[in-house]
Every structure is written in structure tokens, then in C-alpha cells.
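Subject: Structure for your review

Dear colleague,

Please find below the structure that I am handing over to you. A description of what was found in it follows.

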Amino acid sequence: MGKMWGLKSICVVRKREGAEGEALYKEMQELGATVVVNDEEIMEKGFGERVKEWTNGGRESLNLALNCVGGDAGMAPAKTLDAGGTMVTYGAMSKSPLRVGAGMLIFKDLRFVGFWVSKWGDRFPDEKEKTIDEVLGLIRDARFKDVPMVEVLWSYETKKEELLDAVQGTLEGFRKGKGIFKFGDT
């Protein structure tokens, strides 16, 4: 959606080797990412210099980072933010805390905030409805490409092991799409 709004983005994904990694980079670019890097690249010394290359020598501002990971990898994008920028955390997949250095707060004046979409929807139901209508409109107009999904049938005939494997797959990280339970006769 950011690309539709004229925004540039740096997408950080987990490292995958070979053809799988290449396919993921291509998929993220098709979804709208301006640049795609992996979680190891963002931690490398000199990553800030690469960011300058992507931001016209640092003349284009970098004011927002979105974090669904947490931990040290989640903090890496904050280091690339311009003074006064904001890091929004909406997930904690690493189950590790964010460690914010005092320099980020004092010298760069960065803001660190959390976002929970369910709470936002409860607080702003009119905005939630407006947002859903806008996204549905984009889908109807074929302007919105959703992420790949893997359907898992859940019915009386589904074996317990199939359901457990589907859930376990979400915990291991590498999947061909988001796992979606499709309920049959239950």
C-alpha cells in the first residue's frame, strides 16, 4: 500500500539461501518494497552507508520504521532513522526485548511507540470501518495484492497431526504463505 501512496520502503526479511531467497526478494518487490534486505545484512557494519545510497545520499528523509520482530534485529532499523524519527513496534516474534540506547533518545530524539491493531479498532471504530472499506475497494479494483496463503482444511475428517503440523509450521518461520484454517464440517 505504501507504494500506492508514493512511499519508499526498505523491507527486511529472514535470510533464505538460493532460489528460495531470490523468490522471496522478488515477491516483496512485487508487493511494493523499494529495497529488500535480509536480517543479517541489516546487522552488518556499514549498513547505514547502503541506506544513504538508497536515500539519495541521505538527502531523502527516513522517518518511520515498522518493527514486528523485537530484539536486536528489531532495533537495527531504528539506527537508520533520521533525527526525530519514529519506530512503531507491532509484534514481538523474537520474544526478546528492545534495548534502546540512550543516544537514540537524547541525541537523535527518536520516538518508540507500540501499535496493537485490535485496540486501535476498539478505540476508533469509525476509522477501522473506513480502513476496511478502503482496503476492500483496492481489492475490488485489483490494486491490492495480498500475501500468499496456505489453506488448511479443518473438519471432522482432518487428522490431529495435520492441524498440529500446520500450527508448528507457523512457529518455525519458513513457510510458502500464511497459514489459514478453512473450516469445513465441524
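Read from start to end, the protein chain runs through its helices and strands in the order β-α-β-α-β-α-β-α-β-α-α-β-α-β. That amounts to seven helices and seven strands. Please keep in mind that this is a predicted model.

**The chain as a whole**

Along the principal axes, the C-alpha atoms occupy a box of roughly 60 × 40 × 30 Å. Of the 186 residues in the protein chain, 24% are buried. The surface that the protein chain exposes comes to about 13400 Å², and carbon and sulfur atoms supply 56% of that area.

The contacts can be sorted by how far apart the partners are in the sequence. Among contacts with a separation of 6 or more, 62% join residues that are 24 or more positions apart.

As for charge, the protein chain carries 28 positive and 30 negative side chains. The centres of these two sets lie 4 Å apart.

**Helix α3**

Is helix α3 enclosed or open to the outside? The helix covers residues 71–80, and seven of its ten residues are buried, so helix α3 is largely enclosed by the rest of the structure. The buried residues are G71, G74, M75, A76, P77, A78 and T80. What do these residues pack against? Their partners are α2, β3, β4, α4 and β5, the last of which spans residues 111–114.

**Aromatic pairs**

A search of the whole structure finds four aromatic pairs. In one of them, the ring centres of F47 and W54 are 5.8 Å apart and the planes meet at 70°; the pair is therefore edge-to-face. Since planes over 60 degrees apart count as edge-to-face, the angle of 70° settles the matter. F47 has a relative accessibility of 6% and so counts as buried, whereas W54, at 23%, counts as partly exposed.

F115 and W120 form another aromatic pair, and this one is tilted, with 6.4 Å from centre to centre and 50° between the planes. Here F115 is partly exposed, with a relative accessible area of 38%. W120 is also partly exposed, with a relative accessible area of 24%.

Elsewhere, ring pairs link W154, F181 and F183 into a cluster.

**Two residues with a positive phi**

Some background is useful before the next two residues. Most residues other than glycine have a negative phi.

N56 is not a glycine, yet its phi is positive, at about 55°. This residue is placed in the loop between α2 (47–54) and β3 (64–67). Its relative accessibility is 40%, so N56 counts as partly exposed.

K95 likewise has a positive phi without being a glycine; the angle is about 60°. Where is K95 placed? The residue belongs to the loop between β4 (86–89) and α4 (102–106). Is K95 buried or exposed? With a relative accessibility of 75%, K95 counts as exposed. The cut-off for that word is over 50% relative accessible area, which is why the value of 75% qualifies.

When you view the model, you may wish to begin with helix α3, then turn to the aromatic pairs and finally to the two loops.

With kind regards

Note on methods:
Residues numbered from 1 in each chain as written. Predicted model: local features only at pLDDT ≥ 70, side-chain atom pairs only at ≥ 80, totals over all residues. Heavy atoms only, no water. Helix = DSSP H or I, 4+ residues; strand = E, 2+ residues; numbered from the N terminus. Buried < 20%, exposed > 50% of the residue type's maximum accessible area, 1.4 Å probe, protein only. Contact = heavy atoms within 4.5 Å. Areas by Shrake-Rupley, 256 points an atom, 1.4 Å probe, with all protein chains shown as cover. Lys, Arg positive; Asp, Glu negative; His and termini not counted. Charge placed at Lys NZ, Arg CZ, Asp CG, Glu CD. Phe/Tyr/Trp six-rings, centres within 6.5 Å; stacked < 30°, edge-to-face > 60°.
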